[in-house]
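Biologist: I've got this one open in the viewer and I'd like a close look at a single part, the middle of the sheet. Could you walk me through what sits there and what packs around it?

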Amino acid sequence: MAQENVLTPSSESAETQLQHAAYDSKVEGNIIFTQVDTAINWMRKNSLWPMPMGLACCAIELMGSASSRFDISRFGAEVMRFSPRQADVMIVAGTVTYKMALAVKRIWDQMPEPKWCIAMGACASSGGMYRSYAVLQGIDNLIPVDVYVSGCPPRPEALLEGLIKLQKKIEEEESALAHFQAKEKAV
Ligand code: SF4
């Protein structure tokens with residue numbers, strides 16, 4: 001049957017016949033050429049599994065983002081995991097007290113690489129209104145933050161915008177090979 005697709009009238013030149021033989025629309029139409037790194041980044045950015053670190057009022061908005069009205073699953077990030085080993089993006093939503101801070105760090109350390117962090121709201125980003133001896137003045141004092149979402153609290157749309165920004169960042173990340181070579185050098 002495949003032979004039928006490449007048969008051409010005998011009146012066509014040899015060059016045209018060769019072109020017809022090389023191009024089979026049934027095959028070509030279903031193939032996309034890309035780089036492995038681009039494909040990996042594309043898969044990663046569209047399947048982020050959040051570790052919901054809800055610590056205060058911002059967590060209610062985080063929960064709202066998963067509701068049908070805002071529907072975080074449109075961005076492939078609806079699979080909230082409550083095990084750090086199954087998550088790759090920590091969303092810190094709320095006031096980080098010193099009492100809680102080391103627990104947050106411990107959970108972050110248990111998440112496998114590659115991993116990312118979103119600081120949701122004023123408290124997680126900077127301590128917010130709590131200039132207090134009891135509150136960490138920003139989760140970036142303990143773990144690297146990729147995206148900060150402003151607001152007190154930010155609305156779910158703002159979190160979704162932060163998520164889109166993180167996706168854009170992941171899209172442009174260095175190649176997987178360069179990542180592992182850098183790790184090897186560091187050892
Ligand atoms: S930023 Fe505002 S809403 Fe969010 S945890 Fe702090 S006080 Fe609550």
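Modeller: Sure, let's come in from helix α5 (residues 58–65), which lies across β1, β2 and β3 and runs at about 135° to β2. Keep in mind that this is a predicted model.

Under that helix is an open sheet of four strands, in the order β1-β2-β3-β4, with parallel pairing. Its edge strands are β1 (50–54) and β4, each of which pairs on one side only. On average, neighbouring strands in this sheet are turned by 15° against each other, ignoring direction.

The strand to zoom in on is β3 (residues 116–120). Five of its five residues are buried, so β3 is largely enclosed by the rest of the structure. You can check that face by face: Trp-116, Ile-118 and Met-120 are buried on one side, and Cys-117 and Ala-119 are buried on the other.

Now look at the neighbours of β3. Strand β2 (residues 89–93) runs parallel to β3 and is joined to it by five bridges. To find the register there, look for Met-90, which stands opposite Cys-117 in β3. Strand β4 (residues 147–149) is also parallel to β3, with three bridges joining the two. On that side, Ile-118 stands opposite Val-147 in β4, and the bridge partner of Ala-119 in β4 is Tyr-148.

The helices come in as connections. Going into β3, the chain passes through helix α6 (residues 98–110), and β2, α6 and β3 make a right-handed β-α-β unit. Going out, β3, α7 and β4 make a right-handed β-α-β unit as well.

Follow that second unit a little further and you meet the ligand. Helix α7 (residues 121–126) gives the most to the shell around the ligand, three residues. Gly-121, Ala-122 and Cys-123 are among the residues surrounding the ligand, along with Ala-56, Cys-57, Cys-58, Gly-94, Thr-95, Gly-128, Cys-152 and Pro-153. Sorted by class, that shell has seven nonpolar residues, four polar ones and no charged ones.

There's a charged-type side chain worth a stop elsewhere, though: Asp-88. You'll find Asp-88 in the loop between α5 and β2. With 20 other C-beta atoms within 10 Å, Asp-88 counts as buried, because the cut-off for buried is 20 or more. Leaving aside residues up to four places away in sequence, Asp-88 touches Leu-48, Trp-49, Met-111, Pro-114, Lys-115 and Trp-116. Trp-116 takes you straight back to β3, as one of the buried residues on its first-mentioned side. The C-alpha atoms of Asp-88 and Ser-47 are separated by 9.3 Å, although the two residues are 41 apart along the chain.

Zooming out, how does this fit the whole chain? There are nine helices and four strands, and along the sequence they follow the pattern α-α-α-α-β-α-β-α-β-α-β-α-α. Buried residues make up 28% of the 187 residues, and β3 contributes five of five to that group. Finally, of the contacts between residues at least 6 apart in sequence, 77% join residues at least 24 apart.

Note on methods: Residues numbered from 1 in each chain as written. Predicted model: local features only at pLDDT ≥ 70, side-chain atom pairs only at ≥ 80, totals over all residues. Near = placed C-beta within 6 Å. Buried ≥ 20, exposed ≤ 12 C-beta atoms within 10 Å, placed from the backbone. Pairing = 2+ DSSP bridges. Right-handed = clockwise from strand over helix to strand, strands pointing away. Contact = placed C-beta atoms within 7 Å. Axes fitted to C-alpha atoms, helices over the stretch in contact; angles between N-to-C directions.
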